[in-house]
Amino acid sequence: MKRFYFTFCLVFVFLTPVFSQENNDAAILKILLTKYYANEKVIVKNRMQYLRFYCKKAPNNEELLEVINKNKLLKDNTAEIKKEIKITLDEDWSKEYDILFAKEHQYLKSKVNKCLSLEEFQVVSKRFNDNNQRLMIINKPIYFAKKYCLVRVAFYRNIEHNSGRYFLFEKKNGSWEIKEVLNEWET
């Protein structure tokens, strides 16, 4: 009996952070999708979709260093944030997407439709032969100081009008809120 209890405790201790991370990622994803798909129309037969969601979590890169230098809170947590610079990331949003849309948020799901790879996005863009298609790319969230999260969101078009920004989230009363928008850029 003691062995069972000990094994159960070990499994609980090691798996709780994994599930917590997925739930936090799903909560962050919901906020970002809700924000950017708010003005999009529900996708029904023969209606063109303009905003697409990129399936992969984009890796965090050295651009973070510029963002860190412009914000005191981020400067105070530099070491923890720099650990998340991993160019060779191979993760996608499928777990969080499934958690988010499993039983609720079906209206939002009808706007998001499905995620695309870069190759699928380029095929769609060529099919419509117009520069009105946008691909929303969300980086892997960076959690630090127990109650903050930093996420980069970028929008890609084949020709022009690319843009991006970092969102600094804060966890208040058990839910994530956007605290600040950092390092906005547009081409």
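# Exercises on strands, cores and rings

Strand 1 is covered on both faces, since Leu 51 and Phe 53 on one side and Arg 52 and Tyr 54 on the other are all buried. Here buried stands for under 20% relative accessible area, exposed for over 50% and partly exposed for what lies in between, with a 1.4 Å probe and protein chains only. The model is predicted, so that local features need a pLDDT of at least 70 and side-chain atom pairs count only at pLDDT 80 or more, while totals for chains, interfaces and linings use all residues. Residues are numbered from 1 along each chain as its sequence is written, and side-chain values use heavy atoms, with hydrogens and water left out.

**Exercise 1. Describe the make-up of the chain and the confidence of the model.**

Step 1. Begin with the elements: the chain has seven helices and seven strands, where helices (H or I, at least four residues) and strands (E, at least two) are DSSP runs numbered from the N terminus. Along the sequence they follow the pattern α-β-α-α-α-α-α-β-α-β-β-β-β-β.

Step 2. Turn to confidence: pLDDT, the predictor's confidence in each residue from 0 to 100, averages 86 over the chain, and 88% of the residues score at least 70. Among the elements, strand 6 has the highest mean pLDDT, 97, and helix 1 the lowest, 64. Over residues 2–20 the pLDDT is below 50, and this stretch has zero contacts in the model beyond near neighbours in sequence; a contact means heavy atoms within 4.5 Å.

Step 3. Finish with the whole chain: of its 187 residues, 40% are buried.

**Exercise 2. Find the strands that pair with strand 1, and then follow the neighbours of strand 6.**

Step 1. Two strands pair if DSSP finds at least two bridges between them. Strand 1 pairs with strand 3 in the parallel sense over three bridges, and the partner of Arg 52 in strand 3 is Leu 135. Strand 1 also pairs in the parallel sense with strand 2 (residues 115–116), over two bridges, where Phe 53 has Cys 115 as its bridge partner.

Step 2. Strand 6 (residues 163–172) is mostly covered, with eight of its 10 residues buried. Its pairing with strand 5 (residues 148–156) is antiparallel and runs over eight bridges, with Leu 150 opposite Leu 168. Six residues lie between the strands of this hairpin, in which His 161 takes a positive phi near 60°.

Step 3. Strand 6 also pairs with strand 7 in the antiparallel sense, over nine bridges, and Tyr 166 has Leu 182 in strand 7 as its bridge partner. The hairpin of these two strands has two residues between them, and Asn 173 in the turn has a positive phi of about 50°.

**Exercise 3. Work out which elements build the largest nonpolar core.**

Step 1. A nonpolar core is a set of buried Ala, Val, Leu, Ile, Met, Phe, Trp, Tyr and Cys residues joined through side-chain atoms within 4.5 Å. The largest core has 24 residues, of which Leu 33, Phe 53, Met 136 and Ile 138 touch the most other members.

Step 2. Several elements supply at least two residues each to this core, including helix 1 (2–37), strand 1 (51–54) and strand 3 (134–138). Helix 1 gives the largest share, six residues.

Step 3. Apart from this core lies another, of 12 residues, among them Ile 142, Phe 144, Leu 150 and Tyr 166.

**Exercise 4. Examine the aromatic rings and the charges over them.**

Step 1. Rings of Phe, Tyr and Trp (its six-membered ring) pair if their centres lie within 6.5 Å, and planes under 30 degrees apart count as stacked, over 60 as edge-to-face and the rest as tilted. The structure holds seven such pairs.

Step 2. In one of them, Tyr 143 and Trp 176 are 5.7 Å apart centre to centre with 50° between the planes, a tilted pair. Tyr 143 lies in strand 4 (residues 142–144) and Trp 176 in strand 7 (residues 175–186), so the pair ties together parts 33 residues apart in sequence. Both Tyr 143 and Trp 176 are buried.

Step 3. The ring centres of Phe 167 and Phe 169 are 6.3 Å apart and their planes stand at 45°, so this pair is tilted. Tyr 36, Phe 155, Phe 167 and Phe 169 form one aromatic cluster.

Step 4. A charge sits over a ring if NZ of Lys or CZ of Arg is within 6 Å of the ring centre and within 35 degrees of the ring normal. Lys 35 lies over the face of Tyr 36, at 5.6 Å from the ring centre, and Lys 57 lies over the face of Trp 93, at 4.8 Å from the ring centre.
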